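Hi,

Here is the structure I promised to pass on. Have a look at it first, and then read my notes below.

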Amino acid sequence: FNVPTPDFGPAVLAMPLWALALLHYWRALGEGHRGYWFLVALDAGLLLLASYTGIILIVLLIAFAPLTVRGRRAFLHAEPWIAIALLLIVVFPHAAWLKSSFALVVSAIDESSRNASLPPWAWIAAIVLLSHLGVALLAILASGWRGDRRERAPEIDRIPAERAGRLFVYFFALTPAVLAATIAGVSGHLGPLERVGPFILLTGLALIVASGDQVRIFRERLVSSAWLGLLVLPPVLVALSVLVLPWLLAVDLKTGQPASAMGQFYGDNFQRRSGKPLQFVTGDPKIATLVALAAPGRPSVYFYDKPERSPWTNTDALRTNGAILLWPITDAAGEPPAALKTQFPDIVPELPRAFARPIQGILPLIRVGWAAVRPVTASPLPPTPRR
């Protein structure tokens with residue numbers, strides 16, 4: 001219920017790693033199984049490689065340890081310190097890359113912040129509240145609020161949670177979102193904090209712990225139906241939206257782009273013209289990334305207007321190896337953007353190409369202007385003089 005999007009990305013990948021890190025941390029710290037410290041290090045290292053939101057969890061793991069007697073005693077043993085060394089080994093290659101690519105990461109964070117319609121801290125707070133609508137509905141229905149409290153309701157008994165366990169659940173259910181909102185408010189950037197799924201994983205568990213050791217479930221049949229609806233309805237609506245929205249609202253869905261047709265056309269065209277596979281694509285970022293995703297050979301994208309975001313290449317490499325330049329057609333002339341023309345003054349625009357989406361609906365065709373930069377052919381060697 002906490003992830004209102006089907007898009008797979010760092011936040012989705014971070015959720016199971018976040019959950020595993022908390023589980024293994026409790027096994028090691030709360031239950032005294034010291035061997036789990038090594039799994040905590042592995043989970044945290046993979047989490048950092050998946051998303052920088054892992055920094056928040058690592059800070060909270062360090063902050064929680066001194067709050068309990070068990071946590072203070074745990075660091076008298078060698079395993080936590082060995083786990084820290086293991087964590088550093090896991091993240092070392094990425095840290096070495098980050099040292100030389102810090103500007104690239106910062107520019108990506110700045111770009112995400114410009115697209116936010118609310119202040120960063122308010123955006124996180126609003127998304128956190130909206131993400132809890134489903135669990136709030138279930139809690140209200142099961143609590144018997146505005147109903148007959150004399151109703152015979154099934155009661156579930158559980159082993160009483162000890163103080164350290166309750167503190168653990170409440171701490172990691174509340175502090176991640178609060179810390180993320182604080183960081184966003186102070187820095188003024190959203191960056192990887194935009195997707196709040198990992199921050200609110202323990203909300204349901206916190207509600208169960210707060211309900212006590214005997215939990216009565218009122219309106220059991222209605223609660224079961226609501227739970228099933230919340231589980232099944234979102235993916236069903238997503239699937240239907242892919243089919244219906246292009247016809248009703250002319251919504252251009254990210255999952256409905258003709259990436260395969262575009263990548264195949266430009267990749268084959270460049271191959272026939274130059275005899276070499278397409279290595280680079282540049283121009284409009286949205287179109288270029290679609291082509292690079294599906295073109296044969298998976299060419300690299302060059303962001304010509306922000307070259308710091310593509311440090312793996314430059315304009316000289318594009319002129320040497322060839323490239324496809326792409327831009328959306330917004331007028332009858334179909335001329336390339338001035339900035340693109342400045343960097344590649346010798347390009348000759350080709351006949352624009354129109355692509356239909358898999359589900360076109362009432363949307364207009366995607367009209368793309370393009371040009372090919374031919375690779376530089378090495379000049380032949382002079383003939384060897386006869387002796």
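How many cavities of 30 Å³ or more does the count come to? The count comes to 1. Before going on, please keep in mind that this is a predicted model, and that the values below are computed from it.

**The cavity and T68**

The largest cavity holds about 40 Å³ of space. Its lining is made up of W26, L29, G30, F64, T68, R70 and A164. If you want to see where such empty space is left, the trick is to roll a probe the size of a water molecule over the atoms.

One of the lining residues, T68, is a good place to zoom in. You'll find T68 in the loop between helix 3 (54–64) and helix 4 (69–74). T68 has a relative accessible area of 9%, so it counts as buried, the cut-off being under 20%. The side chain of T68 reaches the backbone nitrogen of G71 at 3.0 Å. Another lining residue, L29, is 39 residues away from T68 along the chain, and their C-alpha atoms are separated by 9.3 Å.

**W18 in helix 1**

Next, scroll back to helix 1 (residues 10–29), where W18 is found. Is W18 buried or exposed? W18 is buried, because its relative accessible area is 1% and buried means under 20%. Leaving aside neighbours within four places in sequence, W18 is in contact with L47, T53, I56, L57, P176, P198, F199 and L201. For a pair with more space between them, try W18 and K276: they are 258 residues apart along the chain, and 44 Å separates their C-alpha atoms.

**Helix 5 and what follows**

Helix 5 (residues 79–100) lets you do a small sum yourself. It has 22 residues, and at 1.5 Å a residue these should span 32 Å; the end C-alpha atoms are 32 Å apart, so the model agrees with the expected value. To get that number, multiply 1.5 Å by one less than the number of residues.

Helix 5 also has a bend of about 50° at F92, and a proline, P93, follows within four residues. Which residues of helix 5 are buried? They are E79, P80, A83, L87, V90 and V91. These buried residues pack against helix 2 (36–50), helix 3 and helix 4. When you look at the numbering, it helps to know that an α-helix has 3.6 residues a turn, so residues three or four places apart point the same way.

Right after that, look at S101, in the loop between helix 5 and helix 6 (102–114). With 9% relative accessibility, S101 counts as buried, because that value is under 20%. S101 and P311 are 210 residues apart in sequence, yet 8.3 Å apart in space, C-alpha to C-alpha.

**T203 and its partners**

T203 sits in helix 10 (residues 203–210). It is buried too, because its relative accessibility is 13% and the limit is 20%. What does T203 touch, if you leave aside its neighbours within four places in sequence? The answer is H132 and V135. With H132 there is also a polar contact between the side chains, at 2.7 Å.

**Helix 11 and its surroundings**

Helix 11 (residues 220–248) bends by about 45° at S241. S241 is also one of the buried residues of helix 11, along with V223, A226 and P246. The buried residues here pack against helix 8 (133–143).

There is something to look at on either side of this helix. R219 lies in the loop between strand 2 (214–216) and helix 11, and has a positive phi of about 50° although it is not a glycine. R219 is partly exposed, because its relative accessible area of 21% falls between the 20% and 50% cut-offs. Just after helix 11, A250 takes a positive phi of about 55°.

R298 has a positive phi as well, near 50°, and is likewise a residue other than glycine. Look for R298 in the loop between helix 13 (285–294) and strand 4 (300–302). Its relative accessible area is 56%, so R298 is exposed, the cut-off being over 50%.

Have fun clicking through it!

Cheers

Note on methods. Residues are numbered from 1 along each chain as its sequence is written. This is a predicted model: local features need pLDDT of at least 70, side-chain atom pairs count only at pLDDT 80 or more; totals for chains, interfaces and linings use all residues. Side-chain values use heavy atoms; hydrogens and water are left out. Helices (H or I, at least four residues) and strands (E, at least two) are DSSP runs, numbered from the N terminus. Buried means under 20% relative accessible area, exposed over 50%, partly exposed in between (1.4 Å probe, protein chains only). A polar contact is a pair of N or O atoms within 3.5 Å; within protein, one must be able to donate a hydrogen and the other to accept it, and residues adjacent in sequence count only if both atoms are side-chain atoms. Contact means heavy atoms within 4.5 Å. The bend at a residue is the angle between axes fitted to the seven residues ending there and the seven starting there. On a 1 Å grid over the protein atoms alone, a cavity is a set of points where a 1.4 Å probe fits but cannot get out, and a pocket is an open set with protein on both sides within 12 Å along at least five of seven lines; lining residues have an atom within 4 Å of a point. Grid points are joined across faces, edges and corners, and a volume is the space filled by probe spheres set on the points.
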